[in-house]
Amino acid sequence: QAAIASLLLLWWGAMTLFVLRFFERRHPRLERILWALVMLGVAALFLVPESDKGMACALAVFAGGVGSISTCLLFVLLALRGKQTEQRALAVAYGLYVVAGVHDMLVYFRLIGDRYYYTDGMALITTLAIAAVLAWRYTRQLRRIENFSAELGQEVAQARSELAAHLQQQHALEV
């Protein structure tokens, strides 16, 4: 149980870092605080006495769950502020992840009577959505590179013809 709770904390840290990098943001101080909290939580899970392990795991699951849901909400907020279509498309998956995460937190803490967890399925859907968006970005960048190569080729040809005309003009002047 401690291992699973610590993986949730680590996943929260990694997901937060992904969201920040996906939106091309860096907050070094905030990132250090985040990782310090994650590592402190992981260490606490394995260092607490066995009698307190259940409470420590419940606190870690709560912190990791609330942190992950908050990170998903941050993603949706940043995507709605931005203008990129792929960010907004991925925001739909993260919005659904919020719903699944809230449901699963309520199930975990037995606040509702359901027995099913939905974040497992949403993790697969979100992973596929991220892969699709990254492929979309890669394709767009590849097209930009191809267009740049074509433009560069045209500019080189134009520069050659201008240079040849200039050399012919200079040769005619010398003659």
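Modeller: Let's settle one term up front: a helix here is a DSSP run of H or I, at least four residues long, and helices are numbered from the N terminus. With that in hand, L20 can be placed in helix α1. One more thing to keep in mind is that this is a predicted model.

Biologist: Good, then let's read the whole chain. How many helices and strands does the chain have?

Modeller: Counting elements is a handy way in. The chain has five helices and zero strands. Read along the sequence, that gives the pattern α-α-α-α-α.

Biologist: And how do I read its overall shape? What radius of gyration does the chain have, and what would a compact globule have?

Modeller: The idea is to set the chain's value beside the one for a compact globule with this number of residues. For 175 residues the globule would have a radius of gyration near 16 Å, while the chain has 26 Å. The spans along the principal axes add to the picture: the C-alpha trace covers about 100 × 30 × 25 Å.

Biologist: What share of the 175 residues is buried?

Modeller: Buried residues make up 32% of them. On the outside, the chain exposes about 11900 Å², and carbon and sulfur atoms supply 66% of that area. As for charge, there are 16 positive and 13 negative side chains, with the centres of the two sets 6 Å apart.

Biologist: How do I read contacts that link remote parts of the sequence?

Modeller: You look at pairs of residues at least 6 apart in sequence and ask what share is at least 24 apart. In this chain, that share of the contacts is 67%.

Biologist: Now the inside. Which residues touch the most other members of the largest nonpolar core?

Modeller: The general idea is that, in soluble globular proteins, nonpolar side chains tend to be buried together. Here the largest nonpolar core has 21 residues, and F22, F23, C72, F75, L90 and Y94 touch the most other members. Helices α1 (2-22), α3, α4 (85-108) and α5 (119-174) each supply at least two residues of it. The largest share, eight residues, comes from α4. There is also a second, separate core of 12 residues, which includes A2, A5, W12 and V38.

Biologist: Let me zoom in on one member. What is Y94 in contact with, leaving aside its neighbours within four places in sequence?

Modeller: Y94 is in contact with M15, F18, C72, F75, V76, T126 and I130.

Biologist: A91 comes a little before that in the numbering. Why does A91 count as buried?

Modeller: The cut-off for buried is under 20% relative accessible area. A91 is at 8%, so it counts as buried. The residue is found in helix α4, and beyond its sequence neighbours within four places it is in contact with F75, V76 and A79. Another thing to look at is C-alpha separation: A91 and T126 are 35 residues apart in sequence and 9.7 Å apart in space.

Biologist: Is G65 buried or exposed?

Modeller: Buried, because its relative accessible area is 9%, under the 20% cut-off. G65 lies in helix α3 (residues 53-81). Apart from neighbours within four places, G65 is in contact with L8 and M105. Its C-alpha atom is 12 Å from that of M15, which is 50 residues away along the chain.

Biologist: E31 carries a negative charge under the counting rule. Is E31 buried or exposed?

Modeller: E31 is buried too, with a relative accessible area of 11%. Its place is in helix α2 (residues 28-47). Leaving out neighbours within four places, its contacts are L17, L20, R21, R25 and R26.

Biologist: So L20 turns up again. Which residues does L20 touch, not counting those up to four places away in sequence?

Modeller: L20 touches R25, H27 and E31. At 7% relative accessibility, L20 counts as buried.

Biologist: Last one: how do I read a positive phi?

Modeller: Check whether the residue is a glycine, then where it sits. E24 has phi near 55° and is a residue other than glycine. E24 is found in the loop between α1 and α2, and is exposed, with a relative accessible area of 70%. R110 has a positive phi of about 55° although it is not a glycine. R110 lies in the loop between α4 and α5, and is exposed at 75%.

How values were computed: Residues are numbered from 1 along each chain as its sequence is written. This is a predicted model: local features need pLDDT of at least 70, side-chain atom pairs count only at pLDDT 80 or more; totals for chains, interfaces and linings use all residues. Side-chain values use heavy atoms; hydrogens and water are left out. The radius of gyration is taken over C-alpha atoms; the globule rule is 2.2 Å times the number of residues to the power 0.38. Buried means under 20% relative accessible area, exposed over 50%, partly exposed in between (1.4 Å probe, protein chains only). Contact means heavy atoms within 4.5 Å. Accessible areas come from the Shrake-Rupley method with a 1.4 Å probe; for residues, only the protein chains shown count as cover. The place of a charge is taken as NZ of Lys, CZ of Arg, CG of Asp or CD of Glu. A nonpolar core is a set of buried Ala, Val, Leu, Ile, Met, Phe, Trp, Tyr and Cys residues joined through side-chain atoms within 4.5 Å.
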